[in-house]
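Please look over the structure shown here before reading on, and keep it in view while the paragraphs below lead through it.

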Amino acid sequence: MTMPLVSVKDLRIGAVTDAGRKVEIIKGVSFDIAPGEIVALIGESGSGKTTIALSLMGHTRTGCSIEGGTIRLDTSDITAMSEWARARVRGTEVSYVPQSAAAAFNPSKRIMDQVTEISAIHDLMPRAEAEKKAVDLFRALALPEAETIGQRYPHEVSGGQLQRLSAAMALVGDPKLVIFDEPTTALDVTTQIEVLRVFKSVMKQGGMAGVYVSHDLAVVAQIADRIIVLKGGEILEVGSADQILSAPRHAYTKQLIAAFEPVPHQPQGLPLQAAKPKVVLEVADLCAGYGPVRGGVPHAKILKDVSFKLERGRNLGVIGESGSGKSTLARAIAGILPAYSGSVMLDGIQLTPDLRNRSKEELRRAQIVFQLADTALNPAHSISTILARPLTFYDGLRGAAREARVIELLDMVKLPAALRHRLPGELSGGQKQRVNLARALAASPELILCDEITSALDTVVAAAILELLKELQRELGLSYMFISHDLSTVEAICDDVLVMYKGEVVEALPAARMSTEAEHPYSRLLVSSVPKLDTGWLAGLEQDPELVAQFANR
Amino acid sequence: MMAEDTDTTAALTTPPPRGPGWSFNWVGRIGLVVILFWALVALVGPWLAPYPPGQIVDYDFFTPMSANYWMGTDYLGRDIFSRILMGSRYTVGIALAAVTLACTLGVILGMVAAVAGGWFDMVLSRLLDAFNGIPSLLFGLVVVAAVGSSIPVLILTLTAIYMPGSYRFARALAVNVNTMDFVTVARARGESTPYLILREIFPNILGPVLADLGLRFVFIVLVLSGLSFLGLGVQPPNADWGALVRENIEGLSFGAPAVIFPSIAIASLTISVNMFIDNLPTKIRDRSE
């Protein structure tokens, strides 16, 4: 057997918390990477996947330090090197593609200067040669106008292009190992495909080894030869991509895969509330936008004539890529962004566009839950204060009755009552999202607008939240409008789906038959772009290039 | 479901992480002790003073430290120790009153402007920006020259000088907090502007606002001393610490301690305020991080 390119032995990385306590985040991890092999590190947030990946460059984030074990890259022992010697290795032997390309590029320098920076720092080649090489890389990465794209500034290219450019930046020094840190997580699905495809082909052509960090099994399945499953800083399972996907051995891996399988949603047979109208939410010709209003019409029109009906006890999914106007739709319904024309009827009552003119009762009926629980909970208030406020505000509850209701709400979202004395900063991501949900429930709403509420969560935690939503629906007769960019999430919870593209609803479909019955070309493109848990999916994927050119923002 | 278990049992078994506490570190404690010391002196100083502060007690001027005159005498032969005790009332009192007024007004207006936005924000911001353009000492000179110097005039002048900065600072912080989702949620709930300002925004800008307050206090002490140095602050025979420095500046060439002690008093107060503010308990500081 050939000697592995990278070998990591019993790696231990420790960190010092703010309170001065020492914790071990990586607990004795060992693995090898063969030359030309792509290894995926997969796990939930906090599993140590990025920490391990960064340590391959000898880098640790502030507060962390490598406390034991060895990392060998080719002939050099990374752990034994001085910081100065490590700097020589970075860019030439090992390089890094970060998650957010937008944040990784300096907005005030031209792309070419940044891509060729590695060769300039390490004095690898003359500038002209470096630029020629960069252009070759741009071509290999299927970037448009490869000759001139380097002359642009980072804001002048799309997100998917920028991510490919950041790969060019990493590849220009001919590294032996490239570390990809969730490079497609922030991209839209239709964009992700192209990025994955070129990453794969460039890595294969160059014969480079790669480490691909991701939380998304389906993405990893397309690009990795081998998968390492991590949890809590330990390796749970190592195996070839095929083996992990088809025959996982560890219970956690099985759970990960199970969370990925969409469970088709069964419509709820709700006890009919006879007195209430059947349609909870009816939106007709809704138009909304941002910017200065002139002649009753805002400068940037986002939503264009959106109409739909949502029946009581049913769930409506809204899918679309970034910029499709799905969040704007939720904000317009909630009145946060007043619509400039069209109507919103809640329970048969017409709502005014601006929430400031709505009555408390109208406001109570529709609650909105935001994507990022971190920013949706006031960090200065305890959980009990956060949950108590809507109770006081809408129902005038006080004292012991309010306290009892807070505990009841926490119980509804399956959180222990003792949690109410904590601050949001002391909760995990999943717990925060539950509190976020409990706050909406505190108002006893009819309708909850869920804006990407599972997108920032780990797969397993997100699945649990979806399960909770379904259970609450059964108990409380709620209706959800569920906004997401993730089709499998929508499939798991919704009865009907609206597909949005550039502020318009292009198609309305029953969720269960979304993948088979989609007719609009954009819906078809979207459905076909979702990665499947199958290693051959990307290779076998055929998309109409004309369709792609028309709709995908590549 | 399995996932359900893993998510919630974790909450039951792991002990709650130790939250930020109320305790000070030692630097903060030293700062607090010095501040409390000067506050106490300001309160009871006049009764502790061995001589009436305006009385000429020694026929010799700029005398060195002695058993009778602990910190020597000034250019007229008055007891410096008594005058510093008396001056603390003016320096600490005026600065405290002015900084409280300036920051309260500035922070409230700043938060209102951030939440209300629109023309209110626009008009107020431009007005205060224009006001900020006037050099502070010059403004103080003009006001005191026009109205005459008295303690209320001094307090209001210093407030007027330092309010726009405090407004700018609070507004900038509040604008950021105002766009956070939890404020949007409160707004979507139908909460009133006062609630948004006091309960949602204020706790989250408190840390930086307090740090700014400390800094502003120091500036006010210095400007007050500057005004007194120019003869426009506290009027004779009373004197604040800045005036004491001015009166006795010639004593430097005689090696008299008369000018040293008021300077030490100013330095100790301003430095300790900063030590205190920079080391507030994490409970207060961490709120806005």
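Helices, as the word is used here, are DSSP runs of H or I with at least four residues, while strands are runs of E with at least two. The model is a predicted one, and a good place to begin is chain B, where UniProt, in an unreviewed entry, places the feature "transmembrane region" at residues 26-49, 90-117, 137-163, 213-234 and 254-277. Within residues 137-163 of chain B, 89% of the chain is helix and 0% is strand, and the end C-alpha atoms are 14 Å apart. For residues 26-49 of chain B, the span is 96% helix and 0% strand, with end C-alpha atoms that lie 31 Å apart.

From here the reader can turn to the nonpolar interior. The largest nonpolar core has 243 residues, and those touching the most other members are A:A168, A:L177, A:I179, A:V211, A:L449, A:M481 and B:I220. The most residues given to this core, 20, come from helix α3 (residues 80-116) of chain B. Because domain 1 (6-256) and domain 2 (279-381 + 429-519) of chain A both give residues to this core, it lies between them. Leaving aside residues up to four places away in sequence, A:V211 touches several residues, among them A:I33, A:V39, A:L177 and A:F180.

Two loops of chain A deserve a separate look. A:D74, in the loop between β4 (64-73) and β5 (76-77), is not a glycine, yet has a positive phi near 55 degrees. A:K502, in the loop between β19 (496-501) and β20 (504-510), likewise has a positive phi, of about 50 degrees, without being a glycine. A:D74 counts as partly exposed because it has 18 C-beta neighbours inside 10 Å, and A:K502 is partly exposed with 15 other C-beta atoms within 10 Å.

Technical notes. Residues are numbered from 1 along each chain as its sequence is written. Chains are lettered from A and ligands numbered from 1 in the order in which they are written. This is a predicted model: local features need pLDDT of at least 70, side-chain atom pairs count only at pLDDT 80 or more; totals for chains, interfaces and linings use all residues. UniProt positions are given in the numbering used here, feature names are shortened, and annotations may be inferred rather than shown by experiment. A nonpolar core is a set of buried Ala, Val, Leu, Ile, Met, Phe, Trp, Tyr and Cys residues joined through C-beta atoms within 7 Å. A residue is buried if 20 or more other C-beta atoms lie within 10 Å of its own, exposed if 12 or fewer, and partly exposed in between; C-beta atoms are placed from the backbone. Domain bounds come from an automatic or database domain assignment. Two residues are in contact if their C-beta atoms, placed from the backbone, lie within 7 Å.
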